[in-house]
Amino acid sequence: ARLRILWASVWTVIWTIVFGLSGILLTYFESNKGRILGHCARFWGKFILFTCGIKYKVSGLNNIDSKTNYIFAGNHTSMLDIPIAFSGLPYWLVPIAKVELKSVILLGWVMKTAGHIFVDRNRSESALRILEKVKVSLIEKPRSILLFPEGTRTIDGSLGKFKRGGLLLAIDTKMPIVPIAFIGSYEMFGKGSWSMKGQSVELRVGSPINPNNYSYESRRELAQFVREKVKELM
């Protein structure tokens, strides 16, 4: 099992280099900066899962419109969640990531070029300023967001409390929120695990939640409602 971890780590680095550098090179020739890297991210996720022998399936895509942008909010169970999301969701998708990733060699460069969003979880004021910039960016260049409202990966497989910050984007931009659930990825490769068990994983997609029914004052209720819908999918 530990050999699978090493194998997965090596291939993740390889595909990050291949698709990251290819995407950055092609970005210089496109007018809508970041879209090509969005396509590269899909292939990146698919190639990682394929070379690691991880089978996955997606259910519930019929609940959403392929021509609409969404904020996908889900449980954070393992490092597999991001490649699974990129592979299974047919959208130009950018995640809200912790600011520490910005300084990672190559990965940070690729993520910045692709328009990924970095938030410092230890500085709420800074995070709110960043989210304001993100709102303007999403209006100018529409794309979908991948959000993990728990803020970090689960340590025991349970669903934690949902933070309100990232979900404010839905209220500000009027983008519908789609609850999603990663099933089986914690059992395969949870936080702190040094083994990777061979099994299939599933991404479940729920029905969109209309943000127009909520305001800044009711953001706590929104976070709780989204959490309930994710838990139902689990």
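I began with the secondary structure, which comes to 8 helices and 7 strands for the chain. I note that the model is predicted.

I looked up burial next. The chain has 234 residues, and 47% of them count as buried. The exposed surface is about 12,100 Å², with 58% of that supplied by carbon and sulfur atoms. For contacts with a separation of 6 or more, I found that 73% are between residues 24 or more positions apart.

I then turned to the pair helix 2 and helix 3. Helix 2 covers residues 35–51 and helix 3 covers residues 81–88; their axes come within 7 Å and cross at roughly 120°. The two helices are therefore oblique to each other. I recorded the crossing of helix 2 past helix 3 as left-handed. On the helix 2 side, the contact is made by Ala 41, Arg 42, Trp 44, Gly 45, Lys 46 and Leu 49. On the helix 3 side I listed Ile 82, Pro 83, Ile 84, Phe 86 and Ser 87. I sorted the residues of this contact into 7 nonpolar, 2 polar and 2 charged.

Last, I checked Ser 144, which is found in strand 5, residues 144–147. Is Ser 144 buried or exposed? Its relative accessible area is 0%, so I entered Ser 144 as buried. Leaving out residues up to four places away in sequence, I found Ser 144 touching Thr 68, Asn 69, Tyr 70, Phe 72, Tyr 91, Trp 92, Leu 93, Val 94 and Met 175. For Thr 68 I also took the C-alpha to C-alpha distance to Ser 144: 8.5 Å in space, with the two positions 76 residues apart in sequence numbering.

Definitions and conventions: Residues numbered from 1 in each chain as written. Predicted model: local features only at pLDDT ≥ 70, side-chain atom pairs only at ≥ 80, totals over all residues. Heavy atoms only, no water. Helix = DSSP H or I, 4+ residues; strand = E, 2+ residues; numbered from the N terminus. Buried < 20%, exposed > 50% of the residue type's maximum accessible area, 1.4 Å probe, protein only. Contact = heavy atoms within 4.5 Å. Axes fitted to C-alpha atoms, helices over the stretch in contact; angles between N-to-C directions. Parallel < 35°, antiparallel > 145°, perpendicular 65-115°, else oblique. Left-handed = near helix turned anticlockwise from the far one by under 90°. Nonpolar A, V, L, I, M, F, W, Y, C, P; charged D, E, K, R; others polar. Areas by Shrake-Rupley, 256 points an atom, 1.4 Å probe, with all protein chains shown as cover.
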